[in-house]
Amino acid sequence: MLRSLTINLIKCRRPIIADSLISKHLCTSVASLRPKTTQPTINIVKAMAEDKSTFLLPNNQKFVELDSSQAFNKLTDNEKLYAHYLSQSSWNGGLIVLLQTSPESPKIFSLLHRIFVGESLQSLREAVNRQGISNDDFQAFLVYAGGIFANSGNYKGFGDTKFIPNLPMDSFELIVKASKAFEDDTQHMMKLWQQTQHYIYSTAPRLTSLGLADKGVTTYFSSNCTEEDSNLVNDWMKTKRIEAYICRTFKTTAEDGLPLYTIHLASVESSPKPPLTMDIEKYKGAYFRVTRGDYSPLLKRVNENLSKAKEYAANDNEKNMLLHYINSFKEGDLSEHKEGSRYWIKDKGPIIETYQGFIETYRDPSGQRGEFEGFVAMVNKEMSKKFGSLVDGAERFIQMLPWGKNLEKDTFLRPDFTSLDVLTFSGSGIPAGINIPNYDEIRQNEGFKNVSLGNVIPAAYKESVIPFLSDSDKKLLEKYRVAAFEVQVGLHELLGHGSGKLLMENADGTFNFDKSAVKNPLTGKEIESWYTPGETYDSKFTTLGSAFEECRAEAVGLYLSLVPEILKIFGYEGKEAEDVTYVNWLSLLWNGAAKATEMYQPSTKTWLQAHARARFVLMRLLELEGDGMLTITESEPGKNLLLTLNREKLATQGKKIIGDFLVKLQTIKATADFTAGEQLFDKYSRLDEPWGRWRDIVMLHKQPRNIFVQPNTILTSSNKGDEIELKRYPATADGMIASWVERFPNTDVDEILEQLAERDSQYFSELKPITAAA
């Protein structure tokens with residue numbers, strides 16, 4: 001149930017979209033984009049234009065290099081080979097995310113990748129110029145491709161909203177037809193374009209964000225699955241004690257007319273293998289079965305590279321870890337991945353750190369199915385020493401948390417906590433810190449690891465601007481934001497996600513707590529609810545789980561950043577430590593006010609991103625309960641806001657408010673009280689006025705998030721044996737595309753992705769008329 005602390009990246013320039021550009025995209029009908037609520041026609045048309053512009057990736061999109069060259073160059077030849085094959089495994093596994101994002105993402109990737117593999121960018125640029133395509137439209141095409149590659153699909157990894165090209169459809173088509181790939185295989189490329197063009201550009205309401213039927217798009221469930229279907233599937237899986245990390249669910253109709261839910265496991269093998277697979281059985285008026293073989297050809301490529309990496313592993317823990325990952329991916333056996341995770345925990349302080357599999361559940365609308373993720377990184381020894389000191393004091397620091405020993409783990413399981421320079425990170429986005437594994441029974445009883453991805457943080461803050469603050473606060477934020485964020489990452493991951501007990505009933509009817517002695521801190525009464533056998537935090541808290549846990553971890557970071565001893569560990573004392581603490585609070589609350597509501601969808605009244613909702617909740621908590629400690633005012637009507645935080649009250653009033661809130665959060669989590677959690681979060685995450693209006697101001701200042709350009713490891717053979725070269729690329733759209741062309745230099749992966757997408761298309765057929773009508 002981890003949770004990655006994803007940075008709220010901010011850009012240096014706000015995109016300015018000319019009215020004429022917007023009008024070029026408004027080729028859809030008014031009816032197809034009409035909001036559900038009735039509004040005057042003029043407002044509908046205006047909303048259409050505004051909404052359309054928010055989906056565009058601007059031509060001035062910022063690309064930044066994720067540089068790990070210094071750490072990589074210090075590796076031995078053996079370590080470089082280990083890192084290389086792990087990276088190859090990660091990148092191949094990352095292609096799975098295309099299939100997990102939207103039905104069209106694999107084919108969009110294939111269309112673009114085939115174009116770029118077919119010829120150099122210079123050759124393509126010259127060809128499109130001959131067709132009269134402007135430089136601006138070609139740049140927009142490259143930026144869109146960079147967005148597809150970075151997000152592993154056409155929905156943003158942070159926020160789950162759709163993005164579309166910043167050029168007209170006819171210009172996009174001319175670029176496709178001008179390419180050598182189109183010339184060499186006209187029929188196939190034309191088919192790809194026809195299959196994807198309306199999906200690429202459609203902003204029909206259902207297609208603008210990820211979600212279950214009627215609310216959005218997801219491929220974790222077939223497009224005919226509603227929240228009621230999800231709940232029924234969850235109930236059945238609980239009876240079988242099946243966790244959902246490695247599966248998808250497709251709903252069809254059985255011969256007798258009843259629903260048939262197929263739980264499809266990710267694996268190389270596709271043949272039946274009980275008890276992993278299960279024959280059809282009836283439950284609550286529907287049929288269920290478990291099959292396997294999802295993503296099979298891609299997982300086969302993952303395992304081929306993991307097998308090669310195993311030859312260069314440094315110790316038995318690493319070898320066993322990889323062996324169990326291979327078995328898990330081959331068979332579709334989650335228990336094997338858990339076993340591999342146990343060896344991963346035991347591998348303390350490795351030179352090369354990696355974790356791969358179906359990890360984070362943020363993008364599953366039900367909050368239980370894992371997106372594939374793979375990272376490879378090298379240790380940053382200087383920062384790791386600071387984190388090591390934080391671990392040394394962790395038992396004392398955890399005792400400072402306000403919920404008391406009865407809701408804390410019986411034994412502190414000392415984790416490994418290192419700062420890493422990321423070499424490779426595949427998936428839909430790159431976090432700043434990670435606390436894994438997410439499996440409850442391992443985290444509670446055996447341990448976990450914390451990693452801070454050190455080279456991500458400074459890269460994320462390159463050339464950023466900061467609205468809604470006074471000049472003095474802006475200067476402080478610019479000076480200390482990286483330092484403060486490193487402190488927050490450490491506290492969030494180690495003492496936030498790493499703390500707190502889940503009260504559980506064991507399979508034999510015993511409990512992991514003393515029912516007669518432990519009292520509920522909120523009521524003073526005996527504990528009345530807990531996790532029953534087969535229940536996990538994710539299965540109990542479902543869609544609320546990620547945001548709730550992120551809020552708890554963020555609040556721990558705020559609470560403990562007030563402790564001078566902790567600031568001293570990171571090298572800050574006296575006035576500087578006070579400034580870092582203030583900036584930590586200011587930065588998080590500013591994110592809650594200035595950025596979070598970008599991830600709120602007014603039409604469905606839903607939050608699209610867990611971290612954003614968590615930060616908004618903490619901001620609103622202090623705004624409502626802080627008696628003037630935090631104020632937000634409309635400094636320019638309809639145009640600007642001003643956030644002010646009284647730093648003199650942080651250690652007194654601020655600490656008490658956050659401390660009391662932490663007791664609520666931990667008690668609700670520990671006792672599996674989903675209803676109380678939902679009520680608490682609804683109170684603070686509703687966009688009551690003036691926040692409904694202020695969201696419009698936030699959107700006026702919205703800036704595109706940085707896109708990371710990652711390097712490649714290149715294998716060369718000589719008389720001396722195999723050698724690995726690290727190849728870096730310019731921080732531009734051109735550099736981003738070049739990195740992906742050299743990462744996958746032929747179209748083999750395109751063939752695989754198209755075949756898998758075509759196989760799945762039967763489960764998403766009802767989306768086609770929506771797209772065609774838009």
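Four strands of this predicted model form an open sheet with mixed pairing, in the order β2-β3-β5-β4. A further open sheet, also of mixed pairing, holds five strands in the order β6-β7-β8-β10-β9. Aromatic pairs occur as well, and the structure holds 41 of them. The protein chain has an average pLDDT of 91.

**The four-stranded sheet**

- The edges of this sheet are formed by β2 (247–253) and β4 (278–283), each of which pairs on one side only.
- From one strand to the next, the twist averages 25 degrees.
- Strand β3, which covers residues 259–266, pairs with strand β5, which covers residues 286–294; the sense is parallel and the pairing extends over seven bridges.
- Within β5, R292 is the bridge partner of L265.
- Helix α13 (residues 227–240) packs on the sheet and touches β2, β3, β4 and β5. The direction of helix α13 makes about 115 degrees with that of β4.

**The five-stranded sheet: order and pairing**

- In the sheet with the order β6-β7-β8-β10-β9, the edge positions belong to β6 (352–360) and β9 (433–436). Each of these has a single partner strand, so one side of each is left without a neighbour in the sheet.
- On average, and with direction ignored, neighbouring strands of this sheet are turned by 35 degrees against each other.
- Strand β8 (residues 416–426) and strand β10 (residues 449–453) run parallel and are joined by five bridges. Across this pairing, L420 stands opposite L453 in β10.
- Helix α16 (residues 334–346) packs on the sheet, where it touches β6, β9 and β10. The direction of helix α16 makes about 150 degrees with that of β6.
- Helix α21 (residues 471–497) also packs on the sheet, in this case touching β8, β9 and β10. Its direction makes about 10 degrees with that of β9.
- The pairing of β9 with β10 is antiparallel and comprises four bridges. G433 stands opposite S452 in β10.
- β6 and strand β7 (residues 371–379) run antiparallel, with eight bridges between them. E353 stands opposite A377 in β7.

**The five-stranded sheet: burial**

- β10 is mostly covered, with five of its five residues buried.
- K449, V451 and L453 point one way from β10, whereas N450 and S452 point the other way; all are buried.
- β6 is likewise mostly covered, and nine of its nine residues are buried.

**Aromatic pairs**

- A pair of aromatic rings is described by the distance of the centres and the angle of the planes.
- Among the 41 aromatic pairs of the structure is the one formed by F172 and Y201, which is edge-to-face, with 6.2 Å centre to centre and 80 degrees between the planes.
- This pair links distant parts of the chain: F172 belongs to helix α10 (residues 169–178) and Y201 to helix α12 (residues 186–201), and the two are 29 residues apart. Both F172 and Y201 are buried.
- F661 and Y684 also form an edge-to-face aromatic pair, at 5.8 Å centre to centre and with 90 degrees between the planes.
- F661 lies in helix α26 (residues 650–670) and Y684 in helix α27 (residues 674–685), so the pair ties together parts that are 23 residues apart in sequence.
- F661 counts as buried because its relative accessibility is 2%, under the 20% cut-off. Y684, at 3% relative accessibility, counts as buried too.

**Charges over rings**

- The charged end of K346 sits over the ring of Y343, at 4.9 Å from the centre of that ring.
- R705 lies over the face of F158, and the distance from the ring centre is 4.0 Å.

**Confidence of the model**

- The average pLDDT of the protein chain is 91, and 93% of the residues score at least 70.
- Over residues 1–50, however, the pLDDT is below 50. Beyond near neighbours in sequence, this stretch has 146 contacts in the model.

Notes
Residues numbered from 1 in each chain as written. Predicted model: local features only at pLDDT ≥ 70, side-chain atom pairs only at ≥ 80, totals over all residues. Heavy atoms only, no water. Pairing = 2+ DSSP bridges. Axes fitted to C-alpha atoms, helices over the stretch in contact; angles between N-to-C directions. Contact = heavy atoms within 4.5 Å. Phe/Tyr/Trp six-rings, centres within 6.5 Å; stacked < 30°, edge-to-face > 60°. Buried < 20%, exposed > 50% of the residue type's maximum accessible area, 1.4 Å probe, protein only. Lys NZ or Arg CZ within 6 Å of the ring centre and 35° of its normal. pLDDT = per-residue confidence, 0-100.
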